[in-house]
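Me: I'd like a close look at just one part of this protein, the sheet and whatever packs around it. Please take it slowly and tell me what sits where.

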Amino acid sequence: MPGCWGALLLACLSFTPSLLPRGGVLQGLIAGISGAIGYGLGVIAAVVWRAFADREARPAARRSWQILLVGAVVLFSVSFGLGQYWQHEIRRLMGVTDYSVLAAVACPFIAVLVFWLLLLTGRGLRRAYRWAARLLGRWVGDKAAKAVGWLVVAGLAWSVFSGLLLGGIVSAANEAFSLRDTETPEGVHQPTSSLRSGGPGSLVPWDSLGRQGRTFTGSGPTATEIGAFTHRTAQEPVRAYAGLDTADSAESRAERAVADLRRAGGFERANLLVMTTTGSGWVDPAAVDSFEYLGGGDAATVAMQYSYLPSWLSYLVDQSKAREAGRELFDAVYDVWSALPQDKRPRLFVAGESLGSFGGETAFSGEYDLRNRTAGTLFAGPPNFNTLFREFSDHREPGSPEIEPVYKEGRTVRFTDAPGAGISPQDQPWDGTRVLYLMHPSDPIVWWSPELALSEPDWIGEAPGSDVLDTLVWIPFVTFWQVTADLPFSTGVPDGHGHTYKAEYVDGWNAVMRPTGFTPQDLDRLKEIIQPRE
């Protein structure tokens, strides 16, 4: 009975809003998981209470079950109705029009199915524990047998989950995406320009670039397109890239990418960008295209791949590879760049999105290092575990919110979700190197953390951002699973929300690069080029 009330309470609370719109299937999954956690907590609470009361468990009265049934129907119906209203409000804030009535109707049934599967799994583990305790009881005392039995069963369950289940999923995904990496997207062709990796004279074979590398070097604005925007003579940008098949190690891939960058004349351009990719090697076209347009084509970009896995999965399992790739690539570029005469060096910029920002950060020790070794940095959607991001945010000035922190009066590092509307603190100077973080209040990549399960973060307790409902509250365990469920769908919302950063790159690079000769109207035109309106 206590377990059922706990399950009902947490399942109902799971309908409260989180960061992104949730469909019926996803809501059912979260409700089922939350219900199972609530059931476990209720059972544990009952066991503890009986221990203090010094009595055994007793069957619940028939009337108690009737009250539970009526309460379940009323509470679940009210929660379901409020949940539909809150999801409608979130979709309205973000301009999302997709809605499935069928999925909404299926939600309660999915919740019950998930709950029962988890409950059966838990009871199966309990039976295994009791069997292990009885077996061990032949040789040791009862209390020791129970304790060791729990440890054995918990250890075996974790080994099966992490070693066989999780490891098998990751291995299967890696195999599947490695095959996809051999494909070339429709419309992408091998470059005919020597300014691109994979093109004539390149040190990096076209076939070794991978799917995302071929997309990166086989696309992008031409000199003619850039000139049409700037109304000035423009150059064709340089793009260098190394895929996983280019070399066996991160260090070797970085050296090959930088060698090809040097061959193509990348160090002779006015602006040089070191771009750390996301997991699969993807480079957001909006980030690099904006950089090239605002640089008048007098720009070069270098990047390299470190994984086959898509961003949301590599976010969970490939952090060490991102760290290594970011450090190796920047160090390889910096070695060549720093050896050039000072008056011959291009302005050196760094950028990365999502896990790419995590990798990009690892080449630097802090604010001073970013300021001394780069001309500017632009990171978008930084994961919550980013070392420097956490340092800057955790040591923000008192009174500044976590969704837009102010670090040391914004002298070098600043944060915004809308760079075109002004970047705080606007009343303080921002001289020298500029480091800018783009992060939406509704981006689960930025705000997800294991600590959500048991502690309320500042960003929930403070005033919400422009695309987050003010009814968002922190609930132990529930909020963690809500935001976790938001992760795979973080890019499925319109630009300017969630983990979708497109037009913001124009204003972001304009603030970091400080190019001359562009009016606000020019920037609006560029946004239409980067992210055309539907």
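Reply: Start with β5 and β7, which pair in the parallel sense over 5 bridges. Strands here are DSSP runs of E with at least two residues, helices are runs of H or I with at least four, and both are numbered from the N terminus. Two strands pair if DSSP finds at least two bridges between them. To get your bearings in this pair, find L378, which stands opposite L436 in β7. Before going on, remember that this is a predicted model, where local features need pLDDT of at least 70 and side-chain atom pairs pLDDT 80 or more, while totals for chains, interfaces and linings use all residues. Residue numbers start from 1 along each chain as its sequence is written, and side-chain values use heavy atoms, with hydrogens and water left out.

Now look at β6, which also pairs with β7 in the parallel sense, this time over 4 bridges. There, T416 stands opposite L438 in β7. β6 is covered on both faces: V413 and F415 are buried on one side, and R414 and T416 are buried on the other. (Buried means under 20% relative accessible area, exposed over 50%, and partly exposed in between, using a 1.4 Å probe and protein chains only.)

Zoom out and you'll see an open sheet of 7 strands, in the order β1-β3-β2-β4-β5-β7-β6, with parallel pairing. β1 (238-242) and β6 (413-416) are its edge strands, each pairing on one side only. From one strand to the next, the twist averages 15 degrees. Over at β1, β2 and β3 (299-304), helix α8 (residues 250-263) lies across the strands and runs at about 160 degrees to β3. Angles like that run from 0 to 180 degrees between N-to-C directions, with axes fitted to C-alpha atoms (for helices, over the stretch in contact).

Next comes α18 (residues 504-513), where 9 of the 10 residues are buried, so this helix is largely enclosed by the rest of the structure. The buried ones are E504, Y505, V506, D507, G508, W509, A511, V512 and M513. What's covering them? The cover includes strands β2 (271-276), β4 (347-353), β5 (376-380) and β7 (434-438), along with helices α9 (285-294) and α19 (520-530). Just after α18 comes R514, whose phi is positive, near 55 degrees.

Pick Y505 out of that helix and see what it touches: D284, A286, A287, S290, E353, L378, A380 and L438, leaving aside residues up to four places away in sequence. Touching, or contact, means heavy atoms within 4.5 Å. You've already met L378, the residue opposite L436, and L438, the partner of T416.

Finally, there's the nonpolar core. Such a core is a set of buried Ala, Val, Leu, Ile, Met, Phe, Trp, Tyr and Cys residues joined through side-chain atoms within 4.5 Å. In soluble globular proteins, nonpolar side chains tend to be buried together. The largest core here has 103 residues, and Y437, Y505 and W509 have the most contacts inside it. Helix α11 (residues 319-339) gives the most to this core, with 8 residues. There's also a second, separate core of 5 residues, and A7, A36, F115 and L119 are among them.
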